[in-house]
Every structure is written in structure tokens, then in C-alpha cells.
Amino acid sequence: MISRPRPRLLTVLLTLLTLAGVTALSGCSDSSASGSGSGSKITIGFSAWPGWFPWQVAQEQGLFAKNGVNVDLKYFDNYTDSINALASGAIDANSQTLNDTLSSVSGGAKLSIVLVNDNSTGNDKIIAREGITSVADLKGKKVAVEQGAVDHYLLLLALQSAKLTEKDIELVNLPTDAAAAAFKSGQVDAVAAFAPFTSTALERPGSRAISTSAEFPGAIPDHLVTSQKLVKDRPKDVQALVNAWFETLTWIKNNKDAAVKIMAKRGGVSEADYKSYDAGTTIFTRQQNIDAFTPGVTAQHLDFQANKIIDFIVGTGLAQQRPSLDGLFDDQFVKAAPQ
């Protein structure tokens, strides 16, 4: 594997947007009709993350239809593809992190966060081979990560805490699934990845997590993000999506074994592995959503965390300009959701 120099994220994003406009549209069923009015489909993207697998439960249990919304739920094998499909308008909504959303907004995307799914509390990890016991030990080592995505951000935070920078490592840019596989096969010394791909990485004998998102509270919140056009044109349908989410959480609570079976299958892992992710993903209640959307001065509050992330991604060159937060945080739907 050969590491590539990291170009500016904005350049990468614009290139991917061009591709997404061509390729992602062809992969989304009925997405062209999704903004035409009540009853037409809304295409929601999601990918491999425990905090987003409840969407699979919602679909299989008919909870979208029960709440009166017609959803085309599209699973992306590659998380970055889902981010750029939303930014390009190829899908109507996507499950993605705050820092990835801010990167898209910095590239000109008009997006709104309408729901906090969860906070990563350990399921994003930096995993290293035997003999590497700390982030400081990564100096001069090969580290695989998907550039510009969520665990690149985690890696940079961890390096900073160890008084290192990206220049101190040999970064190998790979999609997260491929990065975990490369680490497992011994091609790199460490990997930054999220669950369920962490399970793949930890299959390498002697490997261990040397840093996790638990060390950076609030740094990786995960959301349902929609186009601002969807919020403007179809607010009742957006409300139905949020209502369906909270009803799904109730169904999962009351049917834990059945829910784990559905989510583990979607994640391609055993039910035992899936249960091990519980502590590392904190699913947000309606009240926790309201608290997060409320402006504040701690990591609990999305506006505070967003500005902290913006300072970081601009300072490290992951974005060239500060994105505007106008219209980004829209709490009307979680406030109106049934209690």
C-alpha cells in the first residue's frame, strides 16, 4: 500500500461531488421524485455504524409506513460515498457525523441536522499491532485511515494529544473496510476505524486499541442530516422520519434480541460482536437531543462542538474556510416528536 499526499479536502469534495452526481443518482431508486410532494419517496442513506443500524429495524418493522412516510432506505458500503451523495443532491438525507457534515457545508452544501442519533463513546478506535502501546509510538509508522472522514479526525485529535502531527506518521489512505483488512493482514502498523470494522482489525493477533473516541467526549456526534430543501418543502415528512426514529428506539428496547439479530445481520457481524458495541455508542433520547441542540458552552452542545471542530479542521487544513452554521441545527422536529 502506498500513502498518497493529502490534498485539500475542498478539492477532494468537489471532485467527489462531480462523480456522485453521475454515479449515486443511478444507485438510488426513485430519488428523483423525492422532493415532489407528500407520498413520494424520500431516499435516506446510511452505512456501517451501530448508531445507524436502527434504520434497518425501522424498515423491517414497517415503522416508516406506520408514521406515514415513504422511505427508500439506501445502504452504502462506503461511508464517504453516502456523504457525497447527500452533498450532491443524489439522496435526500443521510446518516453522518458532525465533522463530515461541516466539511460538506464548507464545500457549499446546504444541509440541516434534524436529529442526533448517538454519540461515539468508544466505537471509533485507533488499533495498533503488537509492540505499539501508545499513540506516541506511532511516530514513523504506517497508519491506515480513510482521509477526510470521521476517523481521520479522531486520528488527528489523538496525534495532537501525543504532541505529534500527521507528518510524523506514514498515512495510508484507504476506505475504512479496506483499511481494517490491510491492518489485519499485516500491511500497516495501525488503523483508525469505526465499528463494526474495528472487529475485523482486532482479529490480528496481539492487536489492541491505543486510543478511542471515549477519550474525546462529544467529538463524534452522529446525525440524520437532510438537504435544506427537504426541510423547506416537506417538513411533515421530515417530522415523520424523526417520529419513526424514536418509535424504533422504543421497539428495540422492548424487543432487544430481535433487534440485535436484525442489526447484526446488516452489519455483517455476529450477534455477540454486535452486543459488544453497546457501551461504545450512546443512543440519544429525545431529551438528550433537545439538550444537544440547545446553545451552550460545553461539549454536550452541538454549537460549541461545531465551532471546536471548525477551528480544528481549518487549522489542520482539512477545510479551507469556516463553514456557516446558518440553518444547520434545526431542532423543531425533535421538539415536536411525541414524548
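User: Hi! In what order do the strands of the five-strand open sheet come?
Analyst: Hi there! Keep in mind that this is a predicted model. The order is S7-S6-S8-S5-S9, and the pairing in this open sheet is mixed.

User: Thanks! Which strands stand at the edges there?
Analyst: Those are S7 and S9, and S9 covers residues 208-212. Each has a single partner strand, so one side of each has no neighbour in the sheet. From one strand to the next, the twist averages 30°.

User: How many bridges join S5 to S8?
Analyst: Five bridges join them, and the two strands run antiparallel. You can find S5 at residues 124-128.

User: Can we zoom in? What is the bridge partner of Asp124 in S8?
Analyst: Look for Phe194, which is the partner of Asp124.

User: And which strands does helix H7 lie across?
Analyst: Helix H7, residues 176-184, lies across S5, S6 and S8. Its direction is at about 140° to that of S8.

User: OK, new topic: cavities. How many of 30 Å³ or more turn up in the whole structure?
Analyst: The search finds three. The largest of them has a volume of about 60 Å³.

User: Which residues line the largest cavity?
Analyst: You have already met two of them, Asp124 and Phe194. The lining also includes Ser47, Ala48, Trp49, Trp52, Tyr79, Thr97, Val150 and Asp222. By type, the lining divides into six nonpolar, two polar and two charged residues.

User: Nice. Back to sheets: what is the strand order in the open sheet of six strands?
Analyst: That one reads S2-S1-S3-S10-S4-S11, with mixed pairing. Its edge strands are S2 (71-75) and S11 (281-283), each pairing on one side only. Leaving direction aside, neighbouring strands in this sheet are turned by 30° against each other on average.

User: In what sense do S4 and S11 pair?
Analyst: They pair in the antiparallel sense, over three bridges. S4 is residues 111-120. To see one pairing up close, find Ser120: its bridge partner in S11 is Thr281.

User: Which helix packs on that sheet, and which strands does it touch?
Analyst: Helix H4, residues 79-88, packs on it and touches S3, S4 and S10. The direction of H4 makes about 125° with that of S3.

User: Now helices H10 and H11. At what angle do their axes cross?
Analyst: They cross at roughly 115°, and the axes come within 5 Å. That angle makes H10 roughly perpendicular to H11. H10 spans residues 235-254, and H11 spans 256-267.

User: Which residues make the contact?
Analyst: From H10 it's Trp251, Ile252, Lys253 and Asn254, while H11 brings in Lys256, Ala258, Ala259 and Met263. Sorted by type, the contact has five nonpolar residues, one polar and two charged.

User: Last topic, the backbone. Is the peptide bond from Ala195 to Pro196 cis or trans?
Analyst: The bond is cis, with omega near 10°. Pro196 sits in the loop between strand S8 (190-194) and helix H8 (197-201).

User: And what about phi of Lys163, is that positive or negative?
Analyst: Phi of Lys163 is positive, near 60°, and this residue is not a glycine.

User: Where is Lys163, then?
Analyst: Look in the loop between helix H6 (150-161) and strand S7 (170-173). S7 is one of the edge strands of the five-strand sheet you began with.

Conventions: Residues are numbered from 1 along each chain as its sequence is written. This is a predicted model: local features need pLDDT of at least 70, side-chain atom pairs count only at pLDDT 80 or more; totals for chains, interfaces and linings use all residues. Side-chain values use heavy atoms; hydrogens and water are left out. On a 1 Å grid over the protein atoms alone, a cavity is a set of points where a 1.4 Å probe fits but cannot get out, and a pocket is an open set with protein on both sides within 12 Å along at least five of seven lines; lining residues have an atom within 4 Å of a point. Grid points are joined across faces, edges and corners, and a volume is the space filled by probe spheres set on the points. Ala, Val, Leu, Ile, Met, Phe, Trp, Tyr, Cys and Pro count as nonpolar, Asp, Glu, Lys and Arg as charged, and the others, Gly among them, as polar. Two strands pair if DSSP finds at least two bridges between them. Helices (H or I, at least four residues) and strands (E, at least two) are DSSP runs, numbered from the N terminus. Axes are lines fitted to C-alpha atoms, for helices over the stretch in contact, and angles run from 0 to 180 degrees between N-to-C directions. Contact means heavy atoms within 4.5 Å. Angles under 35 degrees count as roughly parallel, over 145 as roughly antiparallel, 65 to 115 as roughly perpendicular and the rest as oblique.
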